[in-house]
Amino acid sequence: MTINIIYFLSCALFPLFVLFSFNFLRHKQQSNKHKTKLPPGDMGFPFIGETMEFFNAQRRNKLYEEFVHPRITKHGKIFKTRIIGSPTVIVNGAEANKFLLSNEFKLVKSSWPSSSVHLMGKDSIMEKDGERHRFLRGVIGTSLGYAGLETLVPKLCNFVKLYLSQNWHGQEEISLYRSTKVLTFSIVFECLLGIKVEPGMIDTFERVLEGVFSPAIKFPGSKFSRAMKARKEIEKMIVKVVREKRKEIEEGKLKREEDTMLMSKLVYGMIQEEITEKEIIDNVVLLVFAAHDTTSFAVAMTFKMLAQHPDCYGKVLQEHVNIMRNKGRGESLNVEDIKKMKYTWQVARESMRLFPPIFGSFRKAITDIEYEGFRIPKGWKVLWTTYGTHYNEKYFKDPLTFNPSRFEEGMPQYAFVPFGGGPRLCAGYQLAKLNILILVHYVVTQYDWSLIHLDETVTMDPLPFPSLGMPIRISPKHI
Ligand code: HEM
């Protein structure tokens, strides 16, 4: 009888014990989870948080010096704040960049302001995750990446030469920044997409870009409304191009193997129902956005550094004269010539280290994240920065000194990140590199040039640009 009672009790109590233990463990796990603290930092006022301080520093192009660095000194390299309505953790350092950028889609996903998403479109690559992102990168990457270089180099050379002869020839003063913007825009359209640039097109695109970081408020005359209107005009133009291309392909007027233009690849994808028309439109708008201000700023800062460091300029000039001497009259550069531009690429990279065209970018935690003993709750934004490593003595000796030779040695992964990293590493990296090197080649070999304002400041709105458009004085050179 006693044995029966004990047996009965153990049978009845066992499930209760299991349930209790499970709940106890779960509770312990949860309380452990919440034991990990949030990063230090001030969240500022409810809702607006520290947004005003953030934007004020940004406007003065002092986002790192006046907003990020003082907080690193106070709280450490990972700190929390609240900006643009969202609780945000700002992380700094190569390890943090690596952790965040390589965990795209697993722990975080890219997070753009709603105005950018409306204007670039929900189907642009920046809004895509996982498999769809990989697929679109594959299509875009084959035209922009290493594989496309053989054909891209001579095309870009002819384009740059023609541009300079039509727009610089006979001039004494030009805006380098404006010139590079027009050139980059035309390269994306004509060399990459095969679309002829018509008068007024660049202005329409710039109206879209002006609204990309403005509040997504639609009222007559607002930047965002104007930008949306411009986006509609662009949509109409691209739809026309896409449909004409489709017709040409379907009528057999184009041979697939001979047609390497990105636009044709996209349209072939559409015919095979792998890509939608909306995806093509959104990605064309995105490519212009991604290439436009970034490349122009990188070119402008490279020239600024060359003007301020005559010894470096001498070495750059020698590199290009040597390349030119081995070419026939009017002969275009090829991939081998680009490889010889080692020092120029060091100068360009050092200029991008000191003046990164992109400050950093936002991600959103898609799960609770534990990092360096801190908890980043699901739904919070995380901002990684280029300055956090580029201006850090730990990665770059005398970080504020311009020293292109530092690129002769290797450096820790994710320390030099003007092009980001991980699955969202800039898809236009190769094109940007070619654009900069080829333009430098033709400018320094064909022109004597000097900056009109040696100390021209840089403004940010929200991307950096030389405040006066970097006017330069030019005269033809006879080597
Ligand atoms: C000096 C010039 C450039 C710089 C500094 C630059 C920088 C960057 C950075 C930092 C990212 C990553 C953003 C993030 O992590 O959220 C990015 C992404 C991207 N860039 Fe660039 N970029 C440049 C030029 C270009 C050009 C010329 C193109 C193409 C025409 C381009 C196309 C793209 C695309 C498509 C992405 C998105 C990649 C993805 O989401 O998978 N970029 N760029």
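**Results: a strand set, a ligand shell and their helices**

R82 stands opposite P87 in β2, and that pair makes a handy way into this predicted model. The two strands behind it are β1 (residues 78-83) and β2 (residues 86-91), which run antiparallel and are joined by six bridges. They form a hairpin with two residues between the strands. In this hairpin, I84 takes a positive phi near 45 degrees.

Moving on from the hairpin, β2 also pairs with β8, this time in the parallel sense, through four bridges. Two of the residue partnerships can be picked out by name: V89 has V382 as its bridge partner in β8, while V91 is partnered with W384. Strand β8 has another neighbour too, β5 (residues 360-365), and these two run antiparallel over five bridges. Here F362 is matched with L383 of β8.

With β2 and β5 both paired to it, how enclosed is β8 by the rest of the structure? Strand β8 covers residues 381-385, and five of its five residues are buried, so the strand is largely enclosed by the rest of the structure. As for the side chains, a regular strand has them alternating between the two faces of the sheet. That pattern can be followed along β8: K381, L383 and T385 point one way, V382 and W384 point the other way, and all of them are buried.

Stepping back to the whole protein, the secondary structure comes to 17 helices and twelve strands. The C-alpha trace spans about 110 × 60 × 50 Å along its principal axes. Of the 479 residues, 36% are buried. Contacts between residues at least 6 apart in sequence are mostly long-range ones, since 73% of them join residues at least 24 apart.

Next comes the ligand. It is surrounded by 25 residues, and the closest of these are A290, A291, G420, C426 and G428. By class, the shell comprises 17 nonpolar, six polar and two charged residues. Three helices each supply at least two shell residues, namely α6 (130-144), α12 (277-308) and α17 (429-446). Helix α12 gives the most, with seven residues.

Helix α12 turns up again in the nonpolar interior. The largest nonpolar core has 77 residues, and L156 and V188 are the ones that touch the most other members. The largest share of this core, 17 residues, comes from α12. Setting aside neighbours within four places in sequence, V188 is in contact with L193, L287, V288 and A291. A second, separate core holds 31 residues, including F79, A94, V108 and A365. A291 thus links two parts of the picture, as a contact of V188 and as one of the residues closest to the ligand.

A291 also leads to K181, a residue of helix α8 (residues 176-193). In sequence K181 and A291 are 110 residues apart, but their C-alpha atoms are 9.1 Å apart in space. Is K181 buried or exposed? It counts as buried because it has 23 C-beta neighbours inside 10 Å, where 20 or more are needed. Not counting residues up to four places away in sequence, K181 touches H292 and S296.

Two other helices, α15 and α17, round off the picture. Helix α15 (residues 342-354) has 13 residues, which at 1.5 Å a residue should span 18 Å; the end C-alpha atoms are 19 Å apart, which agrees. Its buried residues are T344, V347, A348, E350, S351, M352 and R353. These buried residues pack against α12, α13 (310-325), α16 (387-390) and α17.

Helix α17, one of those packing partners, passes the length check as well: its 18 residues should span 26 Å at 1.5 Å a residue, and its end C-alpha atoms are 26 Å apart. The buried residues of α17 are L431, A432, L434, N435, I436, L437, I438, L439, V440, H441, V443 and V444. Helix α17 therefore sits in two of the stories told here, since it packs with the buried residues of α15 and supplies at least two residues of the ligand shell.

Conventions
Residues numbered from 1 in each chain as written. Predicted model: local features only at pLDDT ≥ 70, side-chain atom pairs only at ≥ 80, totals over all residues. Near = placed C-beta within 6 Å. Nonpolar A, V, L, I, M, F, W, Y, C, P; charged D, E, K, R; others polar. Buried ≥ 20, exposed ≤ 12 C-beta atoms within 10 Å, placed from the backbone. Contact = placed C-beta atoms within 7 Å. Expected span 1.5 Å × (residues − 1). Core = buried A, V, L, I, M, F, W, Y, C linked by C-beta atoms within 7 Å. Pairing = 2+ DSSP bridges.
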